[in-house]
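Thanks for sharing this one with me. Here are my notes, set out point by point so you can follow along in your viewer.

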Amino acid sequence: MKTCLVVDDSGVTRKIARRILEELGFDVIEAEDGEQALEACKRAFPEAILLDWNMPVMDGYEFMVQLRGMPGGDAPIVVFCTTENGVDHISRALAAGANEYIMKPFDRDIVAAKFQEVGLVQATLPEAV
Amino acid sequence: MTPPDYEYLRKLLKDHSGLDLSTDKQYLIESRLLPLARKAGLVDIGDLVQKMKNGSISLIAQVVEAMTTNETFFFRDKIPFDHFREKIMPEMLQTRAGRKSLRIWCAAGSTGQEPYSLAICLKEMGAALSGWRVEIVATDLSNEVLEKSRAGIYSQFEVQRGLPIQMLVKYFKQTGELWQINPDIRAMVQHRQLNLLHDFSQLGRFDVIFCRNVLIYFDQDTKTSIFGRLARTVEPDGFLVLGAAETVVGLTEAFKPIADRRGLYRPEGERAAPARPASSLAVLPRLAMAGN
């Protein structure tokens, strides 16, 4: 089973994300800020990271820059999930190594669509009738 | 919503549009019709049903339209666009190399996500199409839907379903919470109002037809008639793309599936018998609304 690390300082958001990701077949681990997320990545890289931008202690952008600098740190697929929905933020995240970008608010359909985009989830199609 | 109200709406939709809701789609009705009820100054679905029972024709039309307009998204189902990039376009580049022109029809263009996805695919091909004249014609029954398509303005929610973030940044301009597709992509798509039940030969012939998720709303005879007319509209070496849940099997000999390319069809040499527009079915005018 693939693991997804959910990084968000909001417990409510982490809970919603956990429920969606578990439905999509992921093992979910949580971190409340970038520093906790880095600790988790030092133990073992997850396949996917759902990453908030604005957090206390260490923000999501700083975390990703450090992650991408770690040996093997280019492997996890990073999907930002943030209220920062301006093109400037999106472009900056992509340039620094983000794979996808979700603008909050999000729901199951958006997470599933974005995870399909980066190959983390298989698309399911209806049977022909 | 009470069970009798739900049953009333189910029956009404079936009679007016062919839309066949299963018994558990209360949430769908609430999400589509509650905004409509509020707009009409009504409190809830119960009020709405009462007003319809009192004979509000305009309200009935609005309810049918709200329920039959399918939601759609960019690069919906992915696979048809893989076919387009990997099979259709490489072949077209060879077979049309002489005339360097290509006509594509989105027969259920809806709010524009499908035609614009195709336009983006073509744009991504870059120099391979340099000097080519490519037309994308998007048709839909509803002028309201076509207006939205022409404007090319989408909500944050809409641009996050199916569109890779890199393409969003590259091909859209952000205006507050909304995103508008760039003028050069918009200019690649022409819009026309059209009911598939009526004659569409005036559109001319096409090399590729996308006709996804609209035929499911028609009965068998109408489907067969439309397939016959589509076969005379597509070039003999062209392609037809159907929706993921659609097939020609048992409906027409005018198209044959292409092996290992789900949803992709070619016209057969022997065309189906001439079929006039199914005028007897004009009682179902809302049908062609749905789709992509």
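**Notes on chains A and B**

1. Chain A has five helices and five strands. This is a predicted model, so please read each point below in that light. Going along the sequence of chain A, the elements follow the order β-α-β-α-β-α-β-α-β-α. The radius of gyration of chain A is 14 Å, close to the 14 Å from the globule rule for 129 residues, so chain A is as compact as a globular protein of that length.

2. A few overall figures for chain A may be handy. Its C-alpha trace spans about 55 × 35 × 30 Å along the principal axes. Buried residues make up 36% of the 129 in chain A. Taking contacts in chain A between residues at least 6 apart in sequence, 59% link residues at least 24 apart.

3. Have a look at helix α5 of chain A, which covers residues 108–117. Which of its residues are buried? They are A:V111, A:A113, A:K114, A:F115 and A:E117. Among the elements of chain A that cover these buried residues are α1 (11–23), β4 (77–82) and β5 (100–103).

4. The backbone just after α5(A) also deserves a glance: A:G119 has a positive phi of about 80° there.

5. Turning to chain B, the domain assignment splits out domain 1 (3–68) and domain 2 (79–289). How many Å separate the centres of these two domains of chain B? Taken over C-alpha atoms, the centres of domain 1 and domain 2 are 30 Å apart.

Note on methods. Residues are numbered from 1 along each chain as its sequence is written. Chains are lettered from A and ligands numbered from 1 in the order in which they are written. This is a predicted model: local features need pLDDT of at least 70, side-chain atom pairs count only at pLDDT 80 or more; totals for chains, interfaces and linings use all residues. Helices (H or I, at least four residues) and strands (E, at least two) are DSSP runs, numbered from the N terminus. The radius of gyration is taken over C-alpha atoms; the globule rule is 2.2 Å times the number of residues to the power 0.38. A residue is buried if 20 or more other C-beta atoms lie within 10 Å of its own, exposed if 12 or fewer, and partly exposed in between; C-beta atoms are placed from the backbone. Two residues are in contact if their C-beta atoms, placed from the backbone, lie within 7 Å. Domain bounds come from an automatic or database domain assignment.
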